[in-house]
Amino acid sequence: MGHARAMTVPPGTDDAAPPRPARPGASVYGMELGIPLGGCRVLIADDSAFNRRTLTRFLQWAGITQVAFASSAEEVMERLESFAPDLLLLDAAMPRMDGIGVCRSLRGDPRWRDLPILMQSALHSDQMRTVCFSAGATDLIAKPINPGECIARVRYHLERRSMVQELRAFHERVERDLRQARAMQLALVPEAAELAALAERNGLMVDSVFRASDEIGGDFWTAFAFDGTRVGIFAADLSGHGIAAAINAFRLHTLLTRTPPEELRDPAGLLRQLNGRLCEILPLGQFATAFYGVIDRADDTLLYAAAASPSPLLMTNFGIQPLDASGPLLGAFPDSAYTNRRVPLRRGDSLFLYSDGLSEARNAEGAMLGEDGLLRLAERAAADAPERPLPALMAHHAALHGERLNDDVTALWITRR
């Protein structure tokens, strides 16, 4: 590999000379030119016109055709705004504010924080290198400049910038998609006004909490009235997190909304039907836990069936008792059978439903709350705030386990008035 000093470039080249792009597939100093750099912009900041011409020639050899120039700190700032370069070749020894000061100033501006700044300096000491990098330089080239090294470093930092921009765009697109998916997931649960109207018509008091964790998940619940005296409560938690779990929640919600009203009376039959459909459409290894209960005001009962959901809590004059919520997972085995269970649910009694995001929360020491711990929190909340226990329960839960969620949280406190 040969070395070419800036001083050896033939005179006659000036800043405005038309660039001569490298031929596709050409090589420079034994380097194969990979990604075309013709669309990249480079700003050369150097008070020496001779050095600017020399660097321009090197850039042309690399196929870079869009080059602008600055000879002072003031011009650098002006050209950054007007030219929007992808890389700055900056001389460390410009007059007045030198390149070190310019670099430090640019790194303090969020607009140029990620701009590759390739500093050039005639001083090769460790101290000078330390000063340049401390000021925010991305890389450093020693003068006299070796054209092969210059081209290689410019190419490396432009390709790296291109990859960072692609990754950032991808990250932004994923974040936008996740926000939209999270909004769709939240739209699956009843709106507050709709829920209040349903509760009023059916002699219920319903308090609900539905919080999505940082990632979208597979929780959803819904409530609906039918047959004049019955209210159905359905809550499910699809396995996993992320978009796959959310899509499966949408699938289950769609299946539920297409169920004929006459099939809503039989919780075990409904779970059996949903299980059959989910076994056909869910990928292997994906499943759901679920609870479906029918509150019947005519006979003061709750008829329910469950698919391995967390145990609901029934609160009566005799205290709080967990209900048996055992049953096969939805979507795991096509021949699964589910069992109807009936318990009294009279005026003044309450039913507390929740997802495992609440019971499996861990405190700062890593200890899990568990269903027994949640039962104790429910007892305390019912004693502290008998009119509206759920806000008190959530406050106690947050005090013990923090506000940050590792899983979606669904909580329903339903009281018969």
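**Close-up views of a predicted model**

**View 1. Asp139, with a relative accessibility of 12%, counts as buried.** In this predicted model, the partner residue Arg153 reaches 27% relative accessibility and is therefore classed as partly exposed, since the buried class ends under 20%. Asp139 and Arg153 form a salt bridge in which the closest N and O atoms are 2.8 Å apart. This pair links distant parts of the chain, with Asp139 in strand β7 (residues 139-142) and Arg153 in helix α5 (residues 147-186), 14 residues apart. Between β7 and α5 runs a loop that holds Pro144, and the peptide bond leading from Lys143 into Pro144 is cis, with omega near -5°.

**View 2. Arg111 and Asp109 are joined by a salt bridge.** The closest N and O atoms of this pair are 2.7 Å apart, and Asp109 has a relative accessible area of 18%, so this residue counts as buried under the 20% limit. The structure as a whole holds 21 salt bridges. Side chains of opposite charge can pair when their charged atoms come close.

**View 3. The side chains of Arg416 and Asp300 meet in a salt bridge, with 2.5 Å from N to O.** Arg416 belongs to strand β17 (residues 409-416), whereas Asp300 sits in the loop between β11 (288-296) and β12 (301-307), so the pair ties together parts that are 116 residues apart in sequence. The two partners differ in burial class: Arg416 is buried at 5% relative accessibility, while Asp300, at 29%, is partly exposed. A further group of residues, namely Asp227, Arg230, Arg265 and Asp296, is joined into one network by salt bridges that share partners.

**View 4. Asp300 and Ala308 have positive phi values although neither is a glycine.** For Asp300, in the loop between β11 and β12, phi is about 55°. For Ala308, phi is near 60°, and this residue is placed in the loop between β12 and β13 (313-316). Ala308 is partly exposed, with a relative accessible area of 33%, and Asp300 is likewise partly exposed, at 29%.

**View 5. Leu87, in strand β5 (residues 87-91), is shown with the residues it touches.** Its relative accessible area is 0%, so Leu87 counts as buried. Leaving aside residues up to four places away in sequence, the contacts of Leu87 comprise Arg41, Val42, Leu43, Leu115, Pro116, Leu118, Val154, His157 and Leu158. Trp221, by contrast, is 134 residues from Leu87 in sequence and 52 Å from it in space, C-alpha to C-alpha.

**View 6. The whole protein, given as context for the close-ups, contains 11 helices and 17 strands.** Its radius of gyration is 34 Å, well over the 22 Å that the globule rule gives for 417 residues, so the protein is more spread out than a compact globule. Along the principal axes, the C-alpha atoms fill a box of roughly 100 × 45 × 35 Å. Of the 417 residues, 49% count as buried, and the exposed surface comes to about 20,200 Å², of which carbon and sulfur atoms supply 53%. When contacts between residues at least 6 apart in sequence are considered, 68% join residues at least 24 apart. The charged side chains comprise 44 positive and 52 negative ones, and the centres of these two sets lie 5 Å apart.

Definitions and conventions: Residues are numbered from 1 along each chain as its sequence is written. This is a predicted model: local features need pLDDT of at least 70, side-chain atom pairs count only at pLDDT 80 or more; totals for chains, interfaces and linings use all residues. Side-chain values use heavy atoms; hydrogens and water are left out. Helices (H or I, at least four residues) and strands (E, at least two) are DSSP runs, numbered from the N terminus. The radius of gyration is taken over C-alpha atoms; the globule rule is 2.2 Å times the number of residues to the power 0.38. Buried means under 20% relative accessible area, exposed over 50%, partly exposed in between (1.4 Å probe, protein chains only). Contact means heavy atoms within 4.5 Å. Accessible areas come from the Shrake-Rupley method with a 1.4 Å probe; for residues, only the protein chains shown count as cover. Lys and Arg count as positive and Asp and Glu as negative; His and the chain ends are not counted. The place of a charge is taken as NZ of Lys, CZ of Arg, CG of Asp or CD of Glu. A salt bridge is a side-chain nitrogen of Lys or Arg within 4 Å of a carboxyl oxygen of Asp or Glu.
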